[in-house]
Amino acid sequence: MTAFVITPPATPALAVAGSDQTFPVRRVFCVGRNYAAHAREMGSDPSREPPFFFTKPADAVVPASGSVPYPPSTQELHHEVELVVALKGGGTDIAPEQALDLVWGYGVGLDLTRRDLQAIAKKDGRPWDMAKGFDASAPCSPLQPVSAVGHPDNAAIWLEVNGQRKQEGNLNEMIWPVADVIAYLSRFVALAPGDLIYTGTPSGVDALNPGDRVRGGVDGVATFELEIGQAATGR
């Protein structure tokens, strides 16, 4: 048995609704601009773009409950509510008609974004890592197995901040549905059990502030409620 020179970190995991079992998280992929209205509000033409992806660290996934910290080094933290896909299988060059067989279940998450840092990165042609992949940047609800919720493709997705509706759309507005996202992503990487895919957000993204109460959900899948914690001094 190989001995590690330091204690290995714990495996990140998500709760499973109605169970004491958890879902181990291997990698986190996020789809950019997968709803036409959001693509337009971000200055893009959704009719021209194939899906593109960015990643977050597995340990950026935290429960979408309680208090989620306001991150340092930003003045513009934005919310992006998303359907989250949890994979039980994987592979490369997966056919779209086989892709849903690889899904273990679904949740609802937030792709939290340091929008000011993202804008600078875009302007300078730099990676988005520090805008997207910071600590606690991927809160997610407990996962629901496919056996409980099926494969949702026509359901409202929404988010409220302090009781005010900010984001509202429908999963059927995705430019690239879940099966196509899985198939397309598998052209670039070998997908595997434990991978999560955040599938994009509808329009209405906006800033969050310390103390804000955030509720979101996908009808028939899950809802979440959390509070944005206080920012560290000198943010």
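Start by selecting helix 6, residues 178-185: of its 8 residues, 7 are buried, where buried means under 20% relative accessible area, exposed over 50% and partly exposed in between, with a 1.4 Å probe and protein chains only. Helices (H or I, at least four residues) and strands (E, at least two) are DSSP runs, numbered from the N terminus. This is a predicted model, in which local features need pLDDT of at least 70 and side-chain atom pairs count only at pLDDT 80 or more, while totals for chains, interfaces and linings use all residues. Residues are numbered from 1 along each chain as its sequence is written, and side-chain values use heavy atoms, with hydrogens and water left out.

**Helix 6 and its surroundings**

Show the side chains of V178, A179, V181, I182, A183, Y184 and L185, which are the buried residues of the helix. Next add what they pack against: strand 3 (28-32), strand 4 (52-56), strand 8 (81-87), helix 2 (96-99), strand 9 (103-110) and strand 15 (196-198). Contact means heavy atoms within 4.5 Å.

**The whole chain**

Zoom out to the full chain, which holds 6 helices and 18 strands. Its radius of gyration is 17 Å, close to the 18 Å that the globule rule gives for 235 residues, so the chain is as compact as a globular protein of that length. The radius is taken over C-alpha atoms, and the rule is 2.2 Å times the number of residues to the power 0.38. Along the principal axes, the C-alpha atoms fill a box of roughly 50 × 45 × 40 Å.

Colour by burial: 49% of the 235 residues are buried. For contacts between residues at least 6 apart in sequence, 75% join residues at least 24 apart. A surface display covers about 11000 Å² of accessible area, 50% of which belongs to carbon and sulfur atoms; these areas come from the Shrake-Rupley method with a 1.4 Å probe, and for residues only the protein chains shown count as cover.

For charge, the chain has 19 positive and 27 negative side chains, and the centres of the two sets lie 5 Å apart. Lys and Arg count as positive and Asp and Glu as negative, without His or the chain ends. Each charge is placed at NZ of Lys, CZ of Arg, CG of Asp or CD of Glu.

**The five-stranded sheet**

Select strands 6, 18, 17, 13 and 14, which form an open sheet in the order 6-18-17-13-14 with mixed pairing. Strand 6 (67-68) and strand 14 (164-170) are the edges, each with a single partner strand, so one side of each has no neighbour in the sheet. Two strands pair if DSSP finds at least two bridges between them.

Within this sheet, step through the pairs:

- Strand 17 (residues 213-218) and strand 18 (residues 222-228) are antiparallel over 6 bridges; V214 stands opposite L226 in strand 18.
- Strand 13 and strand 17 are antiparallel over 5 bridges; the bridge partner of I157 in strand 17 is V218.
- Strand 13 (residues 156-161) and strand 14 run antiparallel, joined by 6 bridges; L159 stands opposite Q167 in strand 14.

Stay on strand 13: 5 of its 6 residues are buried, so the rest of the structure largely encloses this strand. Strands 13 and 14 form a hairpin with 2 residues between them, and N162 in the turn has a positive phi of about 55°.

**The three-stranded sheet and helix 3**

Now select strands 10, 7 and 16, an open antiparallel sheet in the order 10-7-16. Strand 10 and strand 16 (207-208) are its edge strands, each pairing on one side only. Strand 7 and strand 10 are joined by 2 bridges, and H78 has T113 as its bridge partner in strand 10.

From here go to helix 3 (residues 115-124), whose buried residues are R115, D116, Q118 and A121. They pack against strand 7 (77-78), strand 10 (113-114) and helix 4 (129-132). G125 follows helix 3, with a positive phi near 65°.

**Two loop stops**

Where is S73? It is found in the loop between strand 6 and strand 7. Phi of S73 is positive, near 65°, in a residue other than glycine.

Finish at D93, in the loop between strand 8 and helix 2. Is D93 buried or exposed? D93 is exposed, with a relative accessible area of 60%. Its phi is positive, about 50°, although D93 is not a glycine.
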